[in-house]
Amino acid sequence: MGVSTSTPEKGIVLVRVDFPPVNALPVDGWFALADAVRAAGRDPQVRCVVLAAEGRGFNAGVDIKEIQTRGRDALVGANRGCFEAFSAVYECEVPVVAAVQGFCLGGGVGLVGNADVIVASEDATFGLPELDRGALGAATHLARLVPQHLMRALYFTSRTVTAAELHRHGSVWRVVPREELTAVALESAREIAAKDGELLRLAKAAINGIDPVDVRRSYRYEQGFTYEASVSGVADRVRDRFGREDQ
């Protein structure tokens with residue numbers, strides 16, 4: 001359980017997340033994920049990182065129960081942890097391939113929205129149920145996956161979108177049977193890792209440099225409204241309702 005790192009092939013690091021039962025990450029988990037991705041990117045022998053997860057789904061966002069139990073300290077910690085993890089994926093010195101299965105919600109969208117290549121299983125779904133969870137944020141990253149008005153519709157309704165739909169929009173590179181997900185993600189990583197390592201790093205920096213939106217500043221701006229919702233009591237009201245529904 002936790003965040004693990006392995007090297008399945010030369011030049012490729014596999015960072016895998018495992019927080020049963022649904023990969024809703026606690027505060028420490030977000031920071032551990034950020035550290036693992038940053039460490040992999042700093043290694044001069046690494047040319048591509050694959051981000052994957054164990055279990056039914058890729059990521060269910062933050063651990064709401066931890067926030068309900070620990071209160072504001074956990075809320076601030078989750079905000080900072082998500083910011084660090086999302087930034088680590090975006091700023092990773094080499095390309096990041098996200099291998100997504102099952103549900104990819106909340107913080108999961110923040111991770112894959114900042115990845116360079118997305119490979120998804122046929123059962124993968126993506127969405128931001130933030131308005132149902134007493135939070136805001138990651139619209140920055142959903143907007144990198146779908147057109148602007150679809151992003152708004154998904155955000156305000158808390159609906160999800162399938163991997164096949166994202167494939168049609170061009171944001172998901174390949175959609176495959178779940179049992180083939182890891183192999184296909186590694187296949188994509190292998191194709192990237194075959195390039196010159198130094199040139200890959202220059203290319204990643206160059207592509208980030210021409211992004212039309214500063215994803216770090218944009219997401220941090222969103223987080224300010226999450227905090228405002230919390231201190232005003234709105235978020236607690238919604239989260240408490242979520243907690244009762246979850247029982």
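Asparagine 23 sits in the loop between β2 and α1. The model is predicted. Phi of asparagine 23 is near 60°, a positive value in a residue other than glycine. Most residues other than glycine have a negative phi, and most peptide bonds are trans. Asparagine 23 has a relative accessible area of 3%, so asparagine 23 is buried. The cut-off for burial is under 20% relative accessible area.

The loop between β2 (12-18) and α1 also holds proline 21. The peptide bond that runs from proline 20 to proline 21 is cis. Its omega is near 5°.

A positive phi is also found at alanine 138, where the angle is near 70°. Alanine 138 is likewise a residue other than glycine. The loop that contains alanine 138 connects β7 (125-127) and α5 (139-142). Alanine 138 is buried, because its relative accessible area is 3%.

Helix packing comes next. Two packed helices are described by the angle between their axes and the distance between the axes. Helix α1 covers residues 27-42, and helix α3 covers residues 72-91. Their axes come within 8 Å and cross at roughly 20°. The two helices, α1 and α3, are therefore roughly parallel. Angles under 35 degrees fall in that class. The crossing of α1 past α3 is left-handed. In the contact of α1 with α3, 13 residues are nonpolar, 3 are polar and 4 are charged.

Alanine 32 belongs to helix α1. With a relative accessible area of 32%, alanine 32 is partly exposed. Alanine 32 and glycine 2 are 30 residues apart in sequence. In space, the C-alpha atoms of alanine 32 and glycine 2 are 8.2 Å apart.

Helix α3 also packs with helix α10, which spans residues 215-231. The angle between α3 and α10 is about 165°, and their axes are 11 Å apart. This makes α3 and α10 roughly antiparallel, because angles over 145 degrees count as such. The α3 and α10 crossing is right-handed. On the α3 side, the contacting residues include Leu75, Val76, Cys82, Phe83, Phe86 and Tyr90. Charged partners from α3 are among them too, including Arg72, Arg80 and Glu91. The α10 side includes Val215, Arg216, Tyr219, Arg220, Gln223 and Tyr227. By class, the contact between α3 and α10 has 10 nonpolar, 5 polar and 5 charged residues.

Helix α3 itself has 20 residues. At 1.5 Å a residue, α3 should span 28 Å. The end C-alpha atoms of α3 are 28 Å apart, which agrees with that expectation. Helix α3 is mostly covered, with 14 of its 20 residues buried.

Serine 121 is part of strand β6, which runs over residues 117-121. The relative accessibility of serine 121 is 0%, so serine 121 counts as buried. Residues up to four places away in sequence are left out of its contact list. Beyond them, serine 121 touches Val100, Gln101 and Gly102. Serine 121 also touches Ala163, Val175, Val176, Arg178 and Leu181.

Leucine 150 occupies a place in helix α6, residues 148-157. The relative accessibility of leucine 150 is 29%, so leucine 150 counts as partly exposed. Leucine 150 lies 50 residues from valine 100 in sequence. The C-alpha atoms of leucine 150 and valine 100 are 21 Å apart in space.

Histidine 167 falls within helix α7, residues 163-169. Its relative accessible area is 40%, so histidine 167 is partly exposed. Neighbours within four places in sequence are again set aside. With that exclusion, histidine 167 is in contact with Val172, Trp173, Arg174 and Val175. Histidine 167 and asparagine 23 are 144 residues apart in sequence. From C-alpha to C-alpha, histidine 167 and asparagine 23 are 24 Å apart.

Note on methods:
Residues are numbered from 1 along each chain as its sequence is written. This is a predicted model: local features need pLDDT of at least 70, side-chain atom pairs count only at pLDDT 80 or more; totals for chains, interfaces and linings use all residues. Side-chain values use heavy atoms; hydrogens and water are left out. Axes are lines fitted to C-alpha atoms, for helices over the stretch in contact, and angles run from 0 to 180 degrees between N-to-C directions. Helices (H or I, at least four residues) and strands (E, at least two) are DSSP runs, numbered from the N terminus. Angles under 35 degrees count as roughly parallel, over 145 as roughly antiparallel, 65 to 115 as roughly perpendicular and the rest as oblique. A crossing is left-handed if the near helix is turned anticlockwise from the far one by less than a right angle, and right-handed if clockwise. Contact means heavy atoms within 4.5 Å. The expected span of a helix is 1.5 Å times one less than its number of residues. Buried means under 20% relative accessible area, exposed over 50%, partly exposed in between (1.4 Å probe, protein chains only).
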